Amino acid sequence: MKLYSAFGFETDEKAAWLDELKRRRIDGPRLNSPVPDKANQSRDTVCVHAGTYTDPTTGAVGTPIFQTTTFRFGEQSYDAFMEGFTRDVPIYSRYGNPSQWAVQQKIAALEGAESTLLCASGMAAIATTLLALTSHDGHIISSNDVYGGSYNLLREDMHQWGRDVSFVDGTDIDAIEAAIKPTTQLFFFETLTNPLLKAIPLREIVALAHRRKILVVLDNTFLSPIFLRPLELGADIVIHSATKYLNGHSDVTAGVASGSRKYVDRIWAQMLKLGGSCDPLSSFLLERGLKTLHLRMRTHHANAMALAAALSCMPGVKTVHHPSIEGYRYPWVHDLCPDGQGGVVSFEVEGGDAGALNLLDKLRLPAVATSLGGVESLVSLPFNTSHNSLTQDQQRKIGIQPGLVRYSVGIEDAHDIITDIRNAMEAIQA
Amino acid sequence: MRNGINVAAISEIANEIKLFPQEALYRYEVAVRWDGAPAFTGRVQPLLAGTTVSARPFQLRIAPTREVAEQARAMGEDARTPDELFIAGLGGCVLITTLMGLTTKAYAISRLALQIDAPMGKGEDIAYRLACCSAGNAQEVAAVVDMVQNYSPNHRTLVEANEVQLTVRTVRTHGDVLVMAQAPKSASPDTARNARLDRLVMDCEWERSVQLRSRVVTSSGTDLLIDVPKSMGGIDKAPNPQEYLLLGAASSVAREFHELATDAKLKLSGFEVSMSGLVDLQGIMRIDPEVPPKVQEMACSLTAFGEADESQCRALAQEALNRSHQMALLRQPMKIGIEGSYETLPLETQW
C-alpha cells in the first residue's frame, strides 16, 4: 500500500500490534479546496470560499457538478476498500461524491466541525443520526414540540427500532434531568423551536449531558451557523434541514449533520445502509446557496425584527412570538445568539383559526406554503400544516393557540413586507 | 475490509486513545436476579464506553445446574449455566484478540476457531486448542498467539491474581416471602456441588467481522452469540466477552447464595447479584505498558429483598463468593495451556 498521508496514514510500515496502527482521524473528506484561515478570516469569507473546488485542468472558479454515480477504480480505491477509508476516496456516489464533499467542507468550516455529512433531507439526517448514535434499548430525550416530522419519527418509529423516547419541555432543565435513565444515550432538541421560537437553555443542557455522558444532537435549522454554532458550545452533532436557510432558495431538499469525524463517520456508515444520500446537482445548488448565507441571514433577521415590531402594535394581532418582543420568555437566546435569531415570526390574530385563514387569503406578498428559510417570504398556519397531526388539546399544551400564523420572513424590502400585512389585516377587520 | 473488520477505524480508535485516554475506559456491569423461579435472570447493564453511555439490550435465563438448563430447553426455553457463560467469555475474548492481531498484521483469515477444555474444579489446567487457516505461516500465527496471551483481557484476568470487592445490602420489602426451592440433598454436600463442576468443553468459532458463535460440546443448547459494542466496531448483536465473563461469575455467586440461603431458611422475596469491571483499552492495545490489559476493579454486590437479617446475608454472601468456582478462577492465577493448529492459505487465494 502506498503512503496515504492525505488520508491520515503516517507510515506504510506493517503494524505488529494495535498500538502500531498509524491512521489518525482527519478532517474531511476533502478535496483540494481552500481551508479557511480560522484565525484571520470572517465567516462571510468562509461562506464564499470554503470548500469550493478548483478544477486543475480548466481553472473553473466554481465547483463542477460531478454528475456521476461511479468512479474508475485505481490502486487507491482498492486500498480504501481493504483498509477501510472508503469515505475519503471517490468510489460510488452513495458513499461520497466530490460535489457533496465541496459543500460538506463549506458547512464544516462554518460550523467549526471536523466533518459534515450531506443527506437527502433534514429528516434523513435526523433519522440516520439518531439510529447511528444509539443502540437497541437506548433512551432518547427530546422535546414535546419539535418539528412534526421529527416528533412522528420519535413517537411512531423509534420504539420499533428498540429505542425508548421521552418527551419533555425542552426549555426546562429540571424536567430534562428528571427524565434521564441509566440507558439515556442522547438528547435531541431544536435550538429554536417551530413555530413558537422557544429557545433551549443550551449551555445548561450541554453541561448536564457531559456530566451524565449523554450525546447532544441539536437541530439548528432556524438559526443557521451564522447566528449559532452549537459545536463550539459543546454539542456533539448539529443538524440542519438544508432545505431551509442553508440553501435559501426553496429549490433543494437536503439535510446535514456536522460534528467530530468520529461521530459523523458512524452516521455516514448508517446512511450507506439507509440510502439517504444527496445527489450531485442538489449538492452544487446548496454550495451555491451557501455563498450568500451570511448576507441572507442578516436580512432575514433585520426584516423579522421589523415585522415583529410592526405586528406588536398592529390592530387585530393578539400576541407576537419573537425574541425581540418584550416579555419573550427565553431571554438567554440573546446571550447564545447575539448577532441574530433567524427570520421567523409567529403571531396570533383575532378571530381564531378562521381569522388566520382569512388573513392568508388577503396577503399578497408571501406565498401561502409550507417550508421556510427561502429568499421569498412564506406563510402558513401550524394548526393545519406542520402540527396538523396533533389534536387541539395537544396543540394548546405546547402553546399553539387559535389564530397562530407562522411567517417565514424573506429578504424582500421590509417596508413592502409590513405594508402588505398591514393592508391584509385592515382588510380582514373591515 | 480485511476479515470484515474496518482496520482504519480500529487504528483511529487506537490513535484517539493516545490523545484522550479517558476514551479508553470501558466500564462493564451485569446483574443476575432471582425472583422465585427455578432459573435466574441475567441482564447486561448499560456500558460506559469512554465518555458515552451505551445501552446493552441483553437478557438471558441462567440455570443453576446443567440439569435445570436441559429441563428448560426441553420446554423450549433457552437457559445457560454460569460455567457456560464464563467459559464463553474467556474463549470469546481470546478469539477476538487473535482475530484483531491477525487482521492488524494484514493476514486474511479463512477459518478461526477455539476449543476450550475447562476441567471446572478438578485441579487441572484449562486448555485451549486453536485452529486457524490464514495467510500467515505457522510461525507468524504462533507469534500473534503469543501476543494474544499477553493482551487478551479475559485471559490475563484468569492467569493473574485479582481482588474482588464484595458489598451487601438488604432492602426491606413487605409481601410474600418466596419459597426457595430445595436443592436435592445428596450424601455429601460437596458431591452435589462437584456434580455441577463436570468438565466443560466449549467450541467457539469466528462467524464474520467481530461476531462469534460459541456452544457447549455435547449440549442440546443453541449457540451463544458473542459480539463487541458498536463503539468498538461490533453490531450490538450480543454481549461481549467481558460481559459474559462477569455474568458467569455473578450467576455462580447467585447459585451458591441461593443454596446457602435455602439451607439457612432466609426470609427473602428475591435477591440480585451484580458484578462490574473496568477494561482499559490502553492495556489491550499496548498503548501504555503501565496499564494492565486484564479486567480491573472487579466488584460484586448482593442486594437481598425481604425480611432477612443484613449481617446474616453478609456472612452468607461472603461464603457464596468463597465457594463460587468462577470467583476462584478470577481470584487465583490459573495455568492455561494452548495447542495450535495453523494452516496457511494457498498463495493464489491470498489477497
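In this predicted model, B:Asp117 is buried, since its relative accessibility of 10% falls under the 20% limit. Its salt-bridge partner, B:Arg199, is partly exposed at 37% relative accessibility. The side chains of B:Asp117 and B:Arg199 come together with an N to O distance of 2.7 Å. This salt bridge links distant parts of chain B, as B:Asp117 belongs to strand S7 (residues 109-118) whereas B:Arg199 sits in the loop between helix H6 (189-195) and strand S10 (200-208), 82 residues apart.

A second salt bridge of chain B pairs B:Asp223 with B:Arg213, at 3.3 Å from N to O. B:Arg213 is part of strand S11 (211-216) and B:Asp223 lies in the loop that runs from S11 to strand S12 (224-226), so the bridge ties together parts ten residues apart in sequence. Both partners count as partly exposed: B:Asp223 has a relative accessibility of 24%, and B:Arg213 has a relative accessible area of 30%. In chain A, A:Glu232 forms a salt bridge with A:Arg229, with the closest N and O atoms 3.3 Å apart. Here A:Arg229 is buried, with a relative accessible area of 17%. Over all chains, the structure holds 44 salt bridges.

Two further residues of chain B are worth a look. B:Thr157, in helix H5 (residues 153-159) of chain B, is buried, at 0% relative accessibility. A polar atom of the B:Thr157 side chain lies 2.6 Å from the backbone oxygen of B:Pro153, and the backbone nitrogen of B:Val295 lies 2.9 Å from a polar atom of that side chain. Beyond its neighbours within four places in sequence, B:Thr157 is in contact with B:Asn162, B:Lys294, B:Val295, B:Met298 and B:Leu330. B:Pro21, by contrast, is partly exposed, with a relative accessible area of 35%. B:Pro21 is found in the loop between helix H1 (7-19) and strand S1 (25-34) of chain B. Although 259 residues separate B:Pro21 from B:Asp280 in sequence, their C-alpha atoms are 8.7 Å apart in space.

Turning to the overall fold, chain A contains 15 helices and twelve strands. Its C-alpha trace spans about 80 × 55 × 35 Å along the principal axes. The radius of gyration of chain A, 23 Å, agrees with the value near 22 Å for a compact globule of 430 residues. Of these 430 residues, 59% are buried. Among the contacts in chain A with a separation of 6 or more, 72% join residues 24 or more positions apart.

The two chains also meet each other. The size of an interface is often given as the accessible area lost when the parts come together. For chain A and chain B this buried area is about 3200 Å², with 55% of it on carbon and sulfur atoms. The contact draws on 36 residues from chain A and 39 residues from chain B. Across the interface there are 23 residue pairs in polar contact. On the side of chain A that touches chain B, helix H2 (75-83), helix H4 (122-132), strand S4 (184-190) and helix H9 (261-274) each give two or more residues. The largest share, four residues, comes from H9(A). By type, this side of chain A divides into 13 nonpolar, eight polar and 15 charged residues.

Eight salt bridges cross the interface. A:Glu20, for example, forms a salt bridge with B:Arg286, the closest N and O atoms being 2.9 Å apart. A network of salt bridges also links A:Arg23, A:Arg25, A:Arg87, A:Asp88, A:Arg261, A:Lys262 and A:Asp265 with B:Glu12, B:Glu16 and B:Glu23.

Notes: Residues numbered from 1 in each chain as written. Chains lettered and ligands numbered in written order. Predicted model: local features only at pLDDT ≥ 70, side-chain atom pairs only at ≥ 80, totals over all residues. Heavy atoms only, no water. Contact = heavy atoms within 4.5 Å. Buried area = accessible area lost by both parts, 1.4 Å probe. Salt bridge = Lys/Arg side-chain N within 4 Å of Asp/Glu carboxyl O. Polar contact = N/O pair within 3.5 Å; in protein donor to acceptor, adjacent residues only side chain to side chain. Nonpolar A, V, L, I, M, F, W, Y, C, P; charged D, E, K, R; others polar. Rg over C-alpha atoms; globule rule 2.2 N^0.38 Å. Buried < 20%, exposed > 50% of the residue type's maximum accessible area, 1.4 Å probe, protein only.
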